[in-house]
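This report describes a predicted model. The topics are its strands and its pockets.

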Amino acid sequence: MRKVLGCAVVLCALVALPLKAQYRWGIAAGVQLPNGDYGKVDKMGYTAGIGASMPLSTWPVRGRIEANYATSSHKDIGGTSIGGKTNIIGGMASIVYPFSASGSVKPYILGGLGYYQVKVDVTGFGSVSESKIGFGGGGGILFNAGSAHLMAEARFISVSTSGSSTTFIPITIGMLFGPGAK
């Protein structure tokens, strides 16, 4: 948990820095689609996050760091109601490649590595928690909205938990702000 909080503090500090580079910061929220073994026991949930991105030297890519929280409740299994939920909190550092596009719609792809805490709570049985490395990739679209951008994004994320990996697909919408959002 300390590492997750440390990542959040670093993220906030980067957002607050008066960088000369064209940095962006943003917020997003959406749905969390459990996948694989996680999808067999949990329903669709929700997710929210904050992040910041900046150009990487003269390369045609941007670096992005983010912190996310997601939660989902357990499904009924074999007609038996299973109480409890799964909470996932973590952060990811990614490389974002924006495609050249004319007009107000700009597609992009991204991929990166992160660190996540996955906590599974089952009513009456307690909880189990693991903090592990994860990776993810996906894509999105930016829509020009004056001095900001609206974004829509979908990714696949896999966290290397014991047994089988915890995999999920967050689908989010959000807003990007900052000098680079113009």
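## Strands and pockets

Glu153 stands opposite Thr172 in β8. The strands β7 and β8 pair in the antiparallel sense, over 9 bridges. Both strands belong to a barrel that 8 strands close in the order β1-β2-β3-β4-β5-β6-β7-β8, with antiparallel pairing. From one strand to the next, the twist averages 25 degrees.

Rolling a probe the size of a water molecule over the atoms shows where empty space is left. The two pockets described here are set side by side in the table.

| Pocket | Volume | Nonpolar lining residues | Polar lining residues | Charged lining residues |
|---|---|---|---|---|
| Largest pocket | about 580 Å³ | 24 residues | 10 residues | 7 residues |
| Second largest pocket | about 250 Å³ | 5 residues | 7 residues | 3 residues |

The largest pocket is lined by 41 residues, and those nearest its centre are Arg64, Tyr108, Met151, Glu153 and Leu176. Two or more residues of this lining come from each of β1 (24–35), β2 (45–55), β3 (62–73), β4 (84–98), β5 (105–122), β7 (148–159) and β8 (166–177). Which element gives the most to the lining of the largest pocket? That element is β2, with 7 residues.

The second largest pocket has a volume of about 250 Å³. Its lining holds 15 residues, of which Val118, Val120, Thr161, Ser162 and Thr166 are the closest to its centre. The elements that give two or more residues to the lining of the second largest pocket are α2 (36–41), β5 and β6 (126–145).

Definitions and conventions. Residues are numbered from 1 along each chain as its sequence is written. This is a predicted model: local features need pLDDT of at least 70, side-chain atom pairs count only at pLDDT 80 or more; totals for chains, interfaces and linings use all residues. Side-chain values use heavy atoms; hydrogens and water are left out. On a 1 Å grid over the protein atoms alone, a cavity is a set of points where a 1.4 Å probe fits but cannot get out, and a pocket is an open set with protein on both sides within 12 Å along at least five of seven lines; lining residues have an atom within 4 Å of a point. Grid points are joined across faces, edges and corners, and a volume is the space filled by probe spheres set on the points. Helices (H or I, at least four residues) and strands (E, at least two) are DSSP runs, numbered from the N terminus. Ala, Val, Leu, Ile, Met, Phe, Trp, Tyr, Cys and Pro count as nonpolar, Asp, Glu, Lys and Arg as charged, and the others, Gly among them, as polar. Two strands pair if DSSP finds at least two bridges between them. Axes are lines fitted to C-alpha atoms, for helices over the stretch in contact, and angles run from 0 to 180 degrees between N-to-C directions.
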